[in-house]
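This report describes a two-chain complex. The sequence and the coordinates come first, followed by the text.

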Amino acid sequence: MMTSWVDTSCIITVFLSLIILSNYRVTAMIRVFALQSFVLSLLPFFLHASSLSGRDIFIVLVTMILKAALVPYILFWAIRHVSMRSEIKPIIGFGASIILGALVIAGAFWISLSLTLPGKPASDLILPCSLSTVLLGFMIMVTRTRAVTQVLGYLIMENGIFLFAVSLFDVMPVLIEIGILLDIFVAVFIMAIVVNHINEEFEKNMVSVSRSKMGEAF
Amino acid sequence: MNIMISILSHWLIALTLAPLFIGIIAKIKAFFAGKKGPSLFQPYYDLQRLFQKNSVYSRTTTWVFRCAPIVNLAAVLVLSLLVPLGPFKAPLQFPGDIFFAAYILGLARFFMIIAALDTGASFEGMGASREAFFSCLSELALFMNFITLALLTHSISLSSMIGADIPMSWKLMGPTLLLVAGSFFIVILTENCRIPIDDPDTHLELTMIHEVMILDHSGIDLGYMLYASALKLFVFAGILLPIIIPIQMANPVIDMLIFLSSMLGLSVVVGMVESTMARYRLNRVKNLLLISFALAFFGFVVKMWRG
């Protein structure tokens with residue numbers, strides 16, 4: 001078992017979520033998300049370094065193709081014509097959201113103190129780090145106003161859940177995991193289409209702006 | 001007598017090697033730009049040229065402006081005594097000297113800022129205000145890193161915080177040290193005005209921070225300022241390197257070789273960061289510094305979690 005590699009992957013995952021939280025360019029955010037998914041997809045290798053099975057390799061390949069290549073590709077496709085390359089007015093400013101993010105991480109560690117997992121996880125950092133990633137993704141989803149960034153927040157939440165699921169790999173049937181991945185894929189696909197349509201309808205797809213514009217019409 | 005020798009040898013190493021470090025970074029940047037670049041020893045030539053010149057002072061300036069370069073260089077020289085350089089132990093160490101280190105940096109910065117204000121130029125005042133703002137953020141990250149290191153090594157003396165306990169800590173607290181090293185690297189780039197934060201090569205640009213404050217210094221004063229900033233980079237690298245590469249052999253020659261090669265490695269990394277990244281927009285720089293703080297804080301949290 002390569003615990004130090006697992007630790008490092010956990011740390012990098014949370015770090016990359018923080019980077020996405022502080023970023024304002026949508027293309028850069030998507031790239032960082034792809035990197036995060038790539039790091040996460042390598043986790044089964046690190047977890048079962050001593051006894052690699054076909055199942056591990058299958059999971060690694062599927063996650064890598066789906067989350068590190070296909071999903072970012074679809075997101076790039078969704079924003080290709082759109083003039084929403086940057087997140088201009090988040091509800092909470094970038095500086096404040098980084099500080100809040102740091103506090104959220106501390107909170108996640110504090111909550112994990114009272115959570116116990118069935119069995120012994122490979123590293124004691126997996127649970128708090130997955131919780132932090134979920135919460136940071138949630139924060140991105142809540143505080144950003146662009147539809148694409150909200151989708152990204154949702155995907156980061158899913159990455160957090162994936163990190164958690166991987167640690168329960170041995171007790172979790174592979175089919176469920178694949179099912180979740182496919183769900184995510186379909187969800188992103190639908191969201192990309194929706195984002196595109198919002199764009200066509202309202203020119204700008206800043207959720208709050210479109211809402212206020214609708215108000216002005218009356 | 002012994003301490004005098006160790007202090008002098010410490011200064012000798014720091015003073016001779018520091019400009020080389022700047023030269024290597026410049027060479028790496030030239031290499032990435034596809035240029036031949038100035039010689040590795042160009043910083044030495046520059047300093048020699050500057051030391052031979054007299055200074056020109058504006059009539060609006062007072063003694064504050066004149067003593068700032070000296071205070072600056074002296075402060076960094078004192079700081080260098082607290083940091084171990086390869087096989088040479090730090091000549092000065094006492095419990096709590098991290099606070100001394102942080103505030104002697106603060107003293108140097110204070111004199112730089114007040115000298116910039118002393119010139120009465122609005123441009124320099126702008127630089128001074130930026131420097132004050134960004135350094136106050138980077139100090140946050142610096143102290144968070146110091147707190148984490150102090151908790152890891154149960155000591156508040158700089159040379160033992162980055163000393164013998166670090167190899168043990170990598171086994172248990174690898175993630176924490178990784179975060180501390182990452183955060184401290186951003187602090188180094190900030191404190192020494194390297195590229196994602198500030199561009200050391202551009203003069204007269206509206207976005208620059210550090211360079212604008214030394215615009216009015218000339219001749220030997222400018223030489224002092226440049227020497228001090230080269231030394232500062234060297235000293236900061238001397239703090240970071242024992243954390244990343246905590247190898248200590250008993251043999252002083254091998255230790256010195258490890259130290260020099262890791263110094264070379266770090267300058268290559270800094271040069272690569274500088275040539276592959278663009279300078280951040282001024283209003284985004286604070287985000288980078290806050291990320292550095294968040295990393296340090298994350299390291300602290302992981303340390304508390306692992307106990």
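Is His154(B) buried or exposed? His154(B) is exposed, having 9 other C-beta atoms within 10 Å. A residue counts as buried if 20 or more other C-beta atoms lie within 10 Å of its own, as exposed if 12 or fewer do, and as partly exposed in between, with C-beta atoms placed from the backbone.

The model is predicted: local features need pLDDT of at least 70, side-chain atom pairs count only at pLDDT 80 or more, and totals for chains, interfaces and linings use all residues. Residues are numbered from 1 along each chain as its sequence is written, and chains are lettered from A in the order in which they are written. Chain B has a mean pLDDT (the predictor's confidence in each residue, from 0 to 100) of 88, and 98% of its residues reach 70 or more. For the complex, the predictor gives an ipTM of 0.86 and a pTM of 0.89.

**Chain A**

Chain A has nine helices and zero strands; helices (H or I, at least four residues) and strands (E, at least two) are DSSP runs, numbered from the N terminus. Of its 218 residues, 42% count as buried. Two residues are in contact if their C-beta atoms, placed from the backbone, lie within 7 Å. Among contacts in chain A between residues at least 6 apart in sequence, 74% join residues at least 24 apart.

**Three loop residues**

The table places three residues in their loops and gives their C-beta neighbours.

| Residue | Loop between | C-beta neighbours within 10 Å | Class |
|---|---|---|---|
| His154(B) | H5 (122-153) and H6 (158-161) of chain B | 9 | exposed |
| Cys193(B) | H7 and H8 (210-213) of chain B | 20 | buried |
| His48(A) | H3 (43-47) and H4 (54-78) of chain A | 18 | partly exposed |

His154(B) has a positive phi of about 55° although it is not a glycine. Cys193(B), also a residue other than glycine, has a positive phi near 55°. Beyond its neighbours within four places in sequence, His48(A) is in contact with Ser53(A) and Asp56(A). His48(A) and Phe94(A) are 46 residues apart in sequence, and their C-alpha atoms are 38 Å apart in space.

**Helix H2 of chain B**

In helix H2 (residues 42-51) of chain B, the buried residues are Pro43(B), Leu47(B) and Leu50(B). Seen down the axis of H2(B), these residues fall within an arc of 65°, so they line one face of the helix; the arc is that of the directions from the helix axis to the C-beta atoms. Gln48(B) and Arg49(B), on the other side of H2(B), are exposed. The cover over the buried residues of H2(B) includes helix H1 (2-32) and H9 of chain B.

**Core and interface**

A nonpolar core is a set of buried Ala, Val, Leu, Ile, Met, Phe, Trp, Tyr and Cys residues joined through C-beta atoms within 7 Å. The largest such core has 148 residues, of which Leu152(A), Ala294(B) and Phe298(B) touch the most other members. Helix H9 (residues 219-244) of chain B gives the most to this core, with 17 residues. Not counting residues up to four places away in sequence, Phe298(B) touches Val14(A), Ala102(A), Ile105(A) and Leu179(B).

The contact between the chains takes 19 residues from chain A and 14 residues from chain B. On the side of chain B, the elements that give two or more residues are helix H7 (166-191) and helix H11 (282-306). H11(B) supplies the largest share of that side, 10 residues.
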